[in-house]
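Hi there,

Here is the structure I promised to pass on to you. Have a look at it first, and then read on for what turned up when I went through it.

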Amino acid sequence: MPLYDYIYSTVDKSTDTLYEVSLNKEEEIPHVVHLTHLTTLESIYHLRFGFASFASSPHTSKWYMWLMWPLTLFSTMLTWNFGRTFVVERHRFNMLSLQTWVIPKNNIQYFLQWHNDSINCLIEQAILEAEKKGVKVFSLGLLNQGEELNGYGGLYVQRHPQLKIKLVDGCSLAAAVVLNRIPKGTTQVLLRGKITKVACAIASNCKQGIQVCLISKTHVIIIHSIVIDLLF
């Protein structure tokens with residue numbers, strides 16, 4: 001709604017008619033859906049229906065946002081108990097239609113095991129809704145594709161083997177970005193930290209002549225077993 005146009009009497013005469021026509025238009029079915037989630041408690045204000053000035057400066061905090069903490073906490077508790085997936089962005093590239101859906105869960109909830117069931121339930125409902133609408137590709141973003149949470153999306157494939165929609169976890173893309181950033185002439189790559197699907201993809205797809213080093217024999221066994229499972 002053009003609020004300021006109504007206040008200053010600058011509304012175009014065709015605005016109301018255009019709005020009514022858009023309501024009667026059939027819902028556009030996207031080809032691709034990317035499912036993400038909220039990050040911090042204040043991240044909801046960065047969305048398009050939040051504050052435009054605040055949304056234009058992501059990952060920043062303003063002093064006046066502290067005054068809104070009561071509203072922030074109230075909305076957080078509301079979404080924790082009654083929240084559901086909603087659409088935040090719609091894009092079209094020639095004939096390709098894309099949408100971004102958001103789960104009303106924050107980063108901290110993904111690290112609390114007692115939230116896993118509710119998170120998985122929301123993700124599963126979103127996948128089934130997209131399947132019902134005829135979406136072709138469903139991408140799991142950020143922490144929605146955690147290994148401990150749902151096995152990179154494999155949990156939903158096991159529960160619904162008849163799914164026609166393609167589930168994408170983004171691990172291959174992340175591995176490709178890392179591989180392309182390895183400088184030319186590199187002979188050794190050291191993998192540290194937790195062994196994940198991305199680490200296995202990096203280790204198994206390094207260019208010929210690059211030696212992959214690990215910090216323990218346990219990591220070697222884990223990567224070897226995962227790579228064997230992926231190949232066979």
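**The loop after α9**

T186 sits in the loop that runs between α9 and β6 (188–191). Please keep in mind throughout that this is a predicted model. With a relative accessible area of 24%, T186 is partly exposed. Its C-alpha lies 8.5 Å from that of G209, although T186 and G209 are 23 residues apart in sequence.

**The whole chain**

Stepping back for a moment, the protein has eleven helices and seven strands. It has 232 residues, of which 31% count as buried. If you take the contacts between residues at least 6 apart in sequence, 63% of them join residues that are at least 24 apart.

You may wonder how many disulfides there are. The count comes to zero, taking a disulfide as a pair of cysteine sulfur atoms within 2.5 Å. Two of the cysteines are worth a glance for their surroundings. C206 has 16% relative accessibility and so counts as buried, since the cut-off for that class is under 20%. C213, at 21% relative accessibility, counts as partly exposed.

**How α9 meets α10**

Next comes a helix pair that you may like to view along its axes. Helix α9 covers residues 171–180 and helix α10 covers residues 197–205; the two pack at an angle of about 50 degrees, and their axes are 9 Å apart. That angle makes α9 oblique to α10. As for handedness, the crossing of α9 and α10 is right-handed.

Which residues make the contact? From α9 they are C171, A174, A175, V178 and L179, and from α10 they are K197, V198, A201, I202 and N205. Sorted by class, this contact of α9 with α10 has eight nonpolar residues, one polar and one charged.

**Helix α6 and its partners**

Helix α6 spans residues 116–133, and D117 is one of its residues. D117 is exposed, with a relative accessible area of 64%. Along the sequence D117 and L149 are 32 residues apart, while in space their C-alpha atoms are 8.7 Å apart.

Further along α6 you will find I127. Is I127 buried or exposed? Its relative accessible area is 1%, so I127 is buried. Leaving out residues up to four places away in sequence, I127 touches F138, Y156, L163, I165 and L167. For one of these partners, I165, the C-alpha atom is 8.2 Å from that of I127, with their positions 38 residues apart along the chain.

L128 is in helix α6 as well, but here the relative accessible area is 35%, and L128 is therefore partly exposed. With the same neighbours in sequence left out, L128 touches H160 and L163. The C-alpha atoms of L128 and I165 are separated by 9.1 Å, and these residues are 37 apart along the chain. L163 is thus a contact of I127 and also a contact of L128.

**Two positive phi values**

If you check the backbone, please look at L142 and Y152. L142 has a phi near 50 degrees, which is positive even though the residue is not a glycine. It belongs to the loop between β4 (137–140) and α7 (147–150). At 47% relative accessibility, L142 counts as partly exposed.

What is the phi of Y152? It is about 60 degrees, again a positive value in a residue that is not a glycine. Y152 is found in the loop between α7 and α8 (154–159).

**A histidine in α11**

The last stop is H219, which lies in helix α11 (residues 217–231). H219 has 16% relative accessibility and counts as buried, as values under 20% do. Which residues does H219 contact once its neighbours within four places in sequence are set aside? They are G193, I195 and L214.

That is the tour. If you open the model, I would start with the α9 and α10 pair, with its right-handed crossing, and then turn to I127 with its contacts to F138, Y156, L163, I165 and L167.

Best wishes, and happy viewing!

Key:
Residues are numbered from 1 along each chain as its sequence is written. This is a predicted model: local features need pLDDT of at least 70, side-chain atom pairs count only at pLDDT 80 or more; totals for chains, interfaces and linings use all residues. Side-chain values use heavy atoms; hydrogens and water are left out. Axes are lines fitted to C-alpha atoms, for helices over the stretch in contact, and angles run from 0 to 180 degrees between N-to-C directions. Helices (H or I, at least four residues) and strands (E, at least two) are DSSP runs, numbered from the N terminus. Angles under 35 degrees count as roughly parallel, over 145 as roughly antiparallel, 65 to 115 as roughly perpendicular and the rest as oblique. A crossing is left-handed if the near helix is turned anticlockwise from the far one by less than a right angle, and right-handed if clockwise. Contact means heavy atoms within 4.5 Å. Ala, Val, Leu, Ile, Met, Phe, Trp, Tyr, Cys and Pro count as nonpolar, Asp, Glu, Lys and Arg as charged, and the others, Gly among them, as polar. Buried means under 20% relative accessible area, exposed over 50%, partly exposed in between (1.4 Å probe, protein chains only).
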